Amino acid sequence: MEHYDFNKIESKWYKFWEDNGFFKGDENSPKPPYSIVIPPPNVTGSLHMGHALNNTLQDALCRYKRLKGFNVLWVPGTDHAGIATQNVVERNLANDKISRHDLGRDKFIDKIWEWREKYGHTIINQLKRLGASCDWERERFTMDEGLSKAVREVFVNLYEQGLIYKGDYIINWCPRCHTALSDLEVEMDEGSNGYLWYIKYPIKDQTSSLVVATTRPETILGDTAVAVNPSDERYKDLVGKSVILPIINREIPIIADDYVEKDFGTGVVKITPAHDFNDFMVAQRHNLPSINVMTNDAVMNENADKFEGLDRFECRKKIIEDLKHLGMIDKIEDYKLVVGHCYRCKSIVEPRLSKQWFVKIKPLAEKAIDAVKKGETRIIPEQWENNYFGWMENIRDWCISRQIWWGHRIPAWLCSDCGKYSVSKSDIKKCLHCNSSNISQEDDVLDTWFSSALWPFSTMGWPNRTKELEVYYPTSVLVTGFDILFFWVARMMMMGLCFMKDVPFRHVYIHALVRDENGEKMSKSKGNVIDPLVVIDKFGADSLRLTLSAFAAQGRDIKLSESRVAGYKNFINKIWNATKFILINTQDYKDTEVATDNLSIIDKWILHSLKETITNYEASLEEYRFNDAVSTIYQFAWYEFCDWFIEASKINLSNDNSKYPTQKTLINVFKQILQMLHPFTPFVTEELWQNFDKSSIMLSTLPSASDLDDYPEEFKKMEKIKHLISGIRNIRGELNISPSRFLNLYFYCEDQETNSLIQENSSYINKLANLKFIKFKDGELTIKTIKDIVDKIEVFIDIEGAIDISEETKRLSKEIDKTRDELAKLENKLRNDDFIAKAKPDIVEKSKEKYNELSLKLEKAEQSLSRIKNLN
């Protein structure tokens, strides 16, 4: 075998798997089904670390289930990403000084399709490089013909149920993208610095004024009332009267509404129904008019009087100047603002009254809430269920129309003659109400998340009743990030229950974020982004996958660094080198039955440990504890198998009587190690598997723990031997005795069974503890020894020539003094209240950890010095 070179093996094996159809699901298979639909990445996307984590975990589950005998279907695909894709193509056109309006709708959409054909498969190829074992022949796109048919079917069905309507409603409006945004598409910045302006509104026919506090003075021009709380005694007598709107002198009423908080500002608020969500609801309750004072570009319109044509923020400055000049500003306070930004272009969003299409969502949400409460879908970790319920129980109607061109055009046609909409699953030429030909299709397209909400069943052929749906729906699990729990997961739940009469998935596993090594969120502005493709180039896909999985603990973000990936690459090297050892030492092996009686204690010990390992490994993966699964196999493979069993096996392999049973154990246990590692490191495990089995590891079956033999007595005995060997190794380390130096060791134990165990297995102890001999101490020793006790076994190490007592005494004394000084300095720091209060929590924690390490170091050094001073 050559050395481990991931560049040579990764592309080779992926092509082999794909060419042989190992990723394909088979709806006619008698095996139990297991299905996952990929969260479709945006067609504009390139693989980032979130994708790498999400798809590594999905792939691990799919590969594990194949090894357990399931008929696995993993459906891949991409999302058309309406706003994002249109923005990309518009920017490209802008380089040639062309706008989408220059081209017209149809030609612009053709340009997007051209762009998609050229660049839209980038992320798919990157997922393949990661090792994703999707059924690529079933790849879907949210704008392909089948999914477009499903979108129309759902829209028309919901419309006919009265659950889709068009109406005036306050929406989030992006003045840059020129489209409505759902609440979830608005990113809230809660730390912006702003002001609270206190403005005087003169009371009609009185000399006094009401003082109103606002953070957005430019919207004064759209005020249609001021409001107070009905229980506020300060203003009780003013309810029903009027105030004069500053600057434009419009008379507006004073109303009472429970929405008003008595403690905010002066307890009087302005009501601007066309530019504030809460004000819009107040206006509905009080039948107030709504006045829109801005254009689609957030420029003041004709309703803004003399401010028409000004940008909203320029208007704000001008209004403040005018109010100051009129003496209408009572005071100004600093104020922390909560400002909404478009999730795509980051422009400040403007709440705006607009005619939009909506889904009446509450009737759908109720069933989706019940499904989770009844356990039909389980959310993991469970803590996310409360977030799900909180959002679903307070859900508002879903604005599904977007004022862009790329996407599923709303299948509604407005008749110029009768003024009614005709909604149809297929394109129509005449009004369905009056038969007029004078109709035009709605210009708006559907929210990208509308088509994504149908993904679990539309990708399997719905609205047709396909065999795929019969076998694979509901899907087994959805693996996703918490950021789209409401964007996507909740909406899939609602649509699945509405149209399939069942939940779309049995489990939802929500993974955490991947952050940098300091726990900071990755961002280009911070310069701390770790590119998964760069990491793959440097360390290989297997190393990245194993690292991400190893740190994927439920409810805890992943702190990633290249050094961590390098550490797991070292583990892969360890497995590679173990293969070399096995191949060299099993060249004459013949696969024959081995009687249990012929197995040595180390064979039985590793087989028992394997059974326990597979038990814990399977339990971890079934509960989505990926980090525990990796930790289990890592500990077993590195420490139990490589460090202990391989080293101990060298004794058996040199003995003809024990050679063949141990060869068989080596091969069988190692093959199961490769199978357990395969979901996380598919490439290297396939490469190594081929040395033992010419069929693919993907076609193998990982045995269940219940099918394996266990040897509890031999396991306990070998664990006792291991503890003894570890104790001897620790004494070596504490006394600075070279690991390569052979030592003479005597032992004494009153338990005869333990004495026999040690003497029967002295060859293993000598080999692993690097001893010349180990003998039972019978009588007083006449040589200088250091005594220790390991598991009630008295151990006496002959140190003649092993250490220079004088020099070792000096070394330990010096080390003790130095460690005490360091401890004293750290103790003073940790007792300093200023340090505890001002230092970062992780710095304080590291200082405490260092203190504990030094304390342990001091304790061991003092024990070692005491041993030397009390030499026998």
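## A tour of the predicted model

Pro463 sits in the loop that connects helix H13 (455-458) with helix H14 (467-472). Helices here are DSSP runs of H or I with at least four residues, strands are DSSP runs of E with at least two, and the numbering starts at the N terminus. The model is predicted, so to speak of a local feature takes a pLDDT of at least 70 and side-chain atom pairs count only at pLDDT 80 or more, while totals for chains, interfaces and linings use all residues. Residues are numbered from 1 along each chain as its sequence is written, and side-chain values use heavy atoms, with hydrogens and water left out.

**Backbone details in the loops**

The peptide bond that leads from Trp462 into Pro463 is cis, and its omega is near 20°. A second cis bond runs from Tyr473 to Pro474, with omega near 0°. Pro474 belongs to the loop between H14 and strand E22 (475-481). As background, most peptide bonds are trans, and a negative phi is found in most residues other than glycine.

Two positive phi values in residues other than glycine are listed below. For accessibility, buried means under 20% relative accessible area, exposed means over 50%, and partly exposed is in between, using a 1.4 Å probe and protein chains only.

| Residue | Phi | Loop | Relative accessible area |
|---|---|---|---|
| Asn287 | near 55° | H8 (277-286) to H9 (312-325) | 71%, exposed |
| Lys346 | near 70° | E13 (329-342) to E14 (350-359) | 44%, partly exposed |

**The chain as a whole**

Stepping back, the protein chain has 28 helices and 29 strands. Its C-alpha trace spans about 115 × 70 × 55 Å along the principal axes. Of its 872 residues, 55% are buried. A contact means heavy atoms within 4.5 Å. When contacts between residues at least 6 apart in sequence are considered, 77% of them join residues at least 24 apart.

**Nonpolar cores**

A nonpolar core is a set of buried Ala, Val, Leu, Ile, Met, Phe, Trp, Tyr and Cys residues that are joined through side-chain atoms within 4.5 Å. The largest one holds 203 residues, and the members that touch the most others are Leu158, Tyr388, Phe450, Met495 and Phe641. Helix H20 (residues 626-653) is the biggest contributor to this core, giving 15 residues. If you want to look at one member up close, try Phe641: leaving aside residues up to four places away in sequence, Phe641 touches Ile582, Ile606, Phe636, Ile646, Leu666, Val669, Phe670 and Ile673. There is also a second, separate core of 30 residues, with Ile220, Ile254, Met294 and Ala304 among its members.

**A four-stranded sheet and its helix**

Next, a sheet. Here 4 strands form an open sheet with mixed pairing, in the order E27-E26-E29-E28; two strands pair if DSSP finds at least two bridges between them. Strand E27 (771-776) and strand E28 (785-790) are the edges, each pairing on one side only. From one strand to the next, the twist averages 25°. Helix H23 (residues 712-734) packs on the sheet, where it touches E26, E27, E28 and strand E29 (793-798), and its direction makes about 140° with that of E28. Angles here run from 0 to 180 degrees between N-to-C directions, and axes are lines fitted to C-alpha atoms, for helices over the stretch in contact. Strand E26 (residues 743-748) runs parallel to E27 and is joined to E27 by 5 bridges. One of the pairs across these strands is Leu743 with its bridge partner Leu771 in E27.

**Two crossing helices**

Packed helices are described by the angle between their axes and the distance between the axes. Helix H17 (residues 541-550) and helix H18 (residues 562-585) have axes that come within 8 Å and cross at roughly 110°. H17 and H18 are therefore roughly perpendicular to each other; that term covers 65 to 115 degrees, while under 35 counts as roughly parallel, over 145 as roughly antiparallel and the rest as oblique. Where they meet, H17 supplies Asp542, Ser543, Leu544, Leu546, Thr547 and Ala550, and H18 supplies Arg564, Val565, Tyr568, Lys569, Phe571 and Ile572.

**A closer look at Ser148**

Ser148 is part of helix H7 (residues 145-160). Its relative accessibility is 22%, so Ser148 counts as partly exposed. Not counting residues up to four places away in sequence, Ser148 touches Met143 and His408. Ser148 and Ser451 are 303 residues apart along the chain, and their C-alpha atoms are separated by 8.0 Å.
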